[in-house]
Amino acid sequence: MIKLLYAVLLLLPLNGYCYDLYLVRHFEKQSGGTDPGLTQQGQLRAEALADYLMPKNIQHIYSTKYHRTKQTAQPFSKRSGLGVQFYSPKQLTAFAQSIKALQTNVLIVGHSNTTPELISALGGVATKIDESEYGELFILQICDDRVNTKSIFISAP
């Protein structure tokens, strides 16, 4: 019986490996300026995102270099002890390939125009994000070559 259990455990990785990608558009931004930060509501929502993500075994955090995206990632980065790595929103196809190669849980913070494009590049089903919409967290569960896309809403307390 023990030999059978060991044989099953050894075969598990060969039957596929799953990981989750969490993609979110930055939260509510201040009006005006070329690189605005988050509003108080956006900061509260970023804290709620960190609460949700803490038990998810995320190994990497990615953000564009804009204040609003960095501030969306910051609470989770601080709590998890993971640094934020930056990616170019102009090179999404190459970025998607590098994310897939990691095969681990990842948080990616982007924008209303780049997040759907990145979801598609990762093999997920993307929906348009209106400029006035905030709080939708897209979760791509990748098992082998299969991608399951779902989303939840992160609300501020």
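Ring pairs link Tyr62, Tyr87 and Phe95 into a cluster, and that's a handy place to start looking around. Rings of Phe, Tyr and Trp (its six-membered ring) are paired here if their centres lie within 6.5 Å; planes under 30 degrees apart count as stacked, over 60 as edge-to-face and the rest as tilted. By that rule, the structure has three aromatic pairs. Take Tyr62 and Phe95: their rings sit 5.2 Å centre to centre with 70 degrees between the planes, which is an edge-to-face pair. The pair links distant parts of the chain, with Tyr62 in strand 2 (residues 60-63) and Phe95 in helix 4 (residues 92-102), 33 residues apart. Both Tyr62 and Phe95 are buried.

Before going further, keep in mind that you're looking at a predicted model, where local features need pLDDT of at least 70 and side-chain atom pairs count only at pLDDT 80 or more, while totals for chains, interfaces and linings use all residues. Residues are numbered from 1 along each chain as its sequence is written, and side-chain values use heavy atoms, with hydrogens and water left out.

A few words on terms, too. Helices (H or I, at least four residues) and strands (E, at least two) are DSSP runs, numbered from the N terminus. Buried means under 20% relative accessible area, exposed over 50%, and partly exposed in between (1.4 Å probe, protein chains only).

Now for helix 2. Helix 2 has 14 residues and spans 20 Å from its first C-alpha to its last, close to the 20 Å expected at 1.5 Å a residue (the expected span is 1.5 Å times one less than the number of residues). Its buried residues are Gly42, Arg45, Ala46, Ala48, Leu49, Ala50 and Leu53. What covers them? The cover includes strand 1, helix 3, strand 4 (106-110), strand 5 and strand 6, where contact means heavy atoms within 4.5 Å.

Arg45 deserves a second look. Its side chain meets that of Glu28 in a salt bridge, at 2.5 Å from N to O. Glu28 lies in the loop between strand 1 (18-25) and helix 2 (40-53), while Arg45 is in helix 2, so the pair ties together parts that are 17 residues apart in sequence. Glu28 and Arg45 are both buried. Arg45 is also among the residues that Phe153 touches, along with Tyr134, Gly135 and Glu136, not counting residues up to four places away in sequence. Phe153 itself belongs to strand 6 (residues 146-153) and counts as exposed, at 53% relative accessibility. The C-alpha atoms of Phe153 and Leu137 are 6.0 Å apart, though 16 residues separate the two along the chain.

There are seven salt bridges in the structure, each a side-chain nitrogen of Lys or Arg within 4 Å of a carboxyl oxygen of Asp or Glu. Another one starts from helix 2: the side chains of Glu47 and Arg79 meet at 2.5 Å, N to O. This pair links distant parts of the chain, Arg79 being in helix 3 (residues 67-80) and Glu47 in helix 2, 32 residues apart. Arg79 is partly exposed at 36% relative accessibility, and Glu47 is partly exposed at 35%.

Finally, Arg25, Lys29 and Glu131 are joined into one network by salt bridges that share partners. Within this network, the side chains of Glu131 and Lys29 meet at 3.3 Å, N to O. Glu131 lies in the loop between helix 5 (115-121) and strand 5 (136-143), and Lys29 in the loop between strand 1 and helix 2, so this pair ties together parts 102 residues apart in sequence.
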